[in-house]
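Biologist: Can you pull up the model? I'd like to go through the ligand site with you, then look for empty space.

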Amino acid sequence: MSKRYSVIKGFRDILPPESEQWQQIEEKARRLFQCFGFREVRLPILESTELFSRGIGAATDIVAKEMYTFADRKGRSISLRPEGTASLVRAYLEANLEQRGPQKLFYAGPMFRYERPQKGRYRQFYQLGVEALGYSGPAVDAEIMAMLRLLFEQLEVKKAVLEINSLGCRECRPAYREKLAAFLRGVKAELCEDSQRRVEDNPLRVLDCKEEKCRAVTADAPSVLDFLCEACRAHFEGLKKYLDLWETLYQENPRIVRGLDYYTRTAFEYLAEDGLGAQNAIAAGGRYDGLVEELGGPAVPGVGFAMGLERLALLLPKVKSEEGLLDYFLVYTPGMREAALKWLMNLRRNNLRVEMYLEEEPKSLKAQLKLAAKSAERLIILGEDEQARGKVIIKNLKTGRQEELSQEDAISSLKPQREVI
Ligand code: HAM
C-alpha cells in the first residue's frame, strides 16, 4: 500500500456538512454586507513581505514571529497574507480607488499565521473582512459594529459582547505611551517574560497579556481614555452616541490594544461569552487613519474589521447528518431508466437538488429506496403504470404521505426543501 498523507499541523479540511454550514454563514454575511453598501474585492494570497512589515508593523508578533515567509524563484521575499487590511489598502491604491471618493469594500478568504494551534486558533484560518475608506467621522465605526450585531442576530449567535476602546492618535498617544511605560517600569519584575520585553518596545501590548500575574499587576495602570486629545475624545463620544441610536449594546474596555500597529482611535472586539475558551474574539477591528499614507497613498482615513469563520462556526449548532441534503430522490422501475434520466436533468434545470441511481446494473425499487433514504426526505417515483397515465408519484418518506401529480405540472410545482445557495 502507498503512503497516506495527513494535513499539516494547524491546518484543517472543512468537509460536508460543515462546509455547507460555512456556505450559509458566508451567504448571509455577503448579503448583509451588501445591504450596508460594501462590495467585494478578491485579493491574492501572496504579497510582498514588505507590505506587511510596513503595514502591520515590523515589531508586531504577527510580522516578527508568525508569517509564512519565503523567497520565490527569483529570490524575492514573499509572504502568505496574515490578514487582509494591508492587502486591501494596497489594491485600493493600485487601482486609484481613492480618486473615486469613499469606498466600502469587503473580502473573504484564508489567512496564515504560524501561531500555536489550539481550539479556535489555527495556522490557516478564514476571515470575512470589511474596510471603509475615506470616512473620517464615527458614524461608520458604529455602522460596522451594528452590522456585525445584525449578522450575529441572523445567525442566532446570542452571547457576543461588543467591547470598544479608543487608542488615541499621533497627537495624544505618545504621552499615554510614556506614562504607561513609566508605570510598567515600576512593576517590571512582576511581569511575565514577554511583557517585560514589551515595556520599552510596545508597552500597550502588556495590557493585552493573558497571564494572570500581568493582569493583576496592570489592574491599576493608567487608562488610555484619560489621555485622549479633544478630537479623539469627540470621536469616541460620537461613536457611543451612534451605537446607542442603533441599539447596539457595548462595554468600554480601555485594555483593548490590538496586535497590529496601524490602529488609531477606535478599536473593538466582539467576544464570545462562552463556547470558545481562550480564543474568544469572534471579530475584531478598528480605525487606521494613517495606514493609507504609510503605504504610499494620500491621507485617507480607514476603518474595518475581520471576523474569524472557524470561531463563528464553533458557536453555531453542529450540523448532524446528511439528512435533507437533497430535495428529492428519483426512483424508477426497470423500464423507465431513460425517462428518469431525462427527468433528472429537467428537475435540476429547475433548481431542484435531485439524484437518482446512476450505475448501469439494474437495482430493484426496494434497493433504490434504501439509497434514497440516506439523502432525501422526498421521493419522485417514475413507474410504467404512472407513465402510461401521464402521472408521477411524489412521496414523503417521513410522513408516508403520497400524491400523484400530472407529469406536465410536476416540474414547475415541485419546490426546494430549503433555499439553494
Ligand atoms: P485580528 O484581530 O488579527 O485582526 O483578526 C481578526 C479575527 O480573525 C479574530 O478576531 C479571530 O476571529 C480571527 N483570527 C485571528 N487569528 C486567528 C487564528 N490563528 N485562528 C483562527 N482565527 C483567527 C485583523 O486581522 C485585522 N486585519 C482586522 C481589521 C480589519 N482591522 C481593521 N480592518
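**Ligand site and cavity**

Modeller: Here's one to begin with: a nitrogen atom of the ligand has a polar side-chain atom of Thr-85 at 2.9 Å. Keep in mind that this is a predicted model.

Biologist: What about Tyr-263, how far is its side-chain N or O atom from a ligand nitrogen?

Modeller: That distance is 2.6 Å.

Biologist: And which backbone N or O atom lies 3.5 Å from a ligand nitrogen?

Modeller: One from Gly-304.

Biologist: How much of the ligand's accessible area does the protein cover?

Modeller: 96% of the 660 Å² that the ligand has on its own.

Biologist: Which elements give two or more residues to the shell?

Modeller: Strand 6 (124-133), strand 10 (281-287) and strand 11 (302-308). Strand 10 gives the most, with six residues.

Biologist: Which residues come nearest to the ligand?

Modeller: Glu-83, Glu-115, Glu-131, Arg-258 and Tyr-263, out of 26 around the ligand.

Biologist: How does the shell divide into nonpolar, polar and charged?

Modeller: Twelve nonpolar, seven polar and seven charged.

Biologist: New topic. How many cavities of 30 Å³ or more are there?

Modeller: The count comes to one. The largest cavity holds about 40 Å³ of space.

Biologist: Which residues line the largest cavity?

Modeller: Arg-12, Ile-14, Tyr-122, Gln-124, Tyr-126 and Glu-310.

Biologist: And how do the lining residues divide by class?

Modeller: Three are nonpolar, one is polar and two are charged.

Key:
Residues are numbered from 1 along each chain as its sequence is written. This is a predicted model: local features need pLDDT of at least 70, side-chain atom pairs count only at pLDDT 80 or more; totals for chains, interfaces and linings use all residues. Side-chain values use heavy atoms; hydrogens and water are left out. A residue is near a molecule or strand if one of its heavy atoms lies within 4 Å of it. A polar contact is a pair of N or O atoms within 3.5 Å; within protein, one must be able to donate a hydrogen and the other to accept it, and residues adjacent in sequence count only if both atoms are side-chain atoms. Accessible areas come from the Shrake-Rupley method with a 1.4 Å probe; for residues, only the protein chains shown count as cover. Helices (H or I, at least four residues) and strands (E, at least two) are DSSP runs, numbered from the N terminus. Ala, Val, Leu, Ile, Met, Phe, Trp, Tyr, Cys and Pro count as nonpolar, Asp, Glu, Lys and Arg as charged, and the others, Gly among them, as polar. On a 1 Å grid over the protein atoms alone, a cavity is a set of points where a 1.4 Å probe fits but cannot get out, and a pocket is an open set with protein on both sides within 12 Å along at least five of seven lines; lining residues have an atom within 4 Å of a point. Grid points are joined across faces, edges and corners, and a volume is the space filled by probe spheres set on the points.
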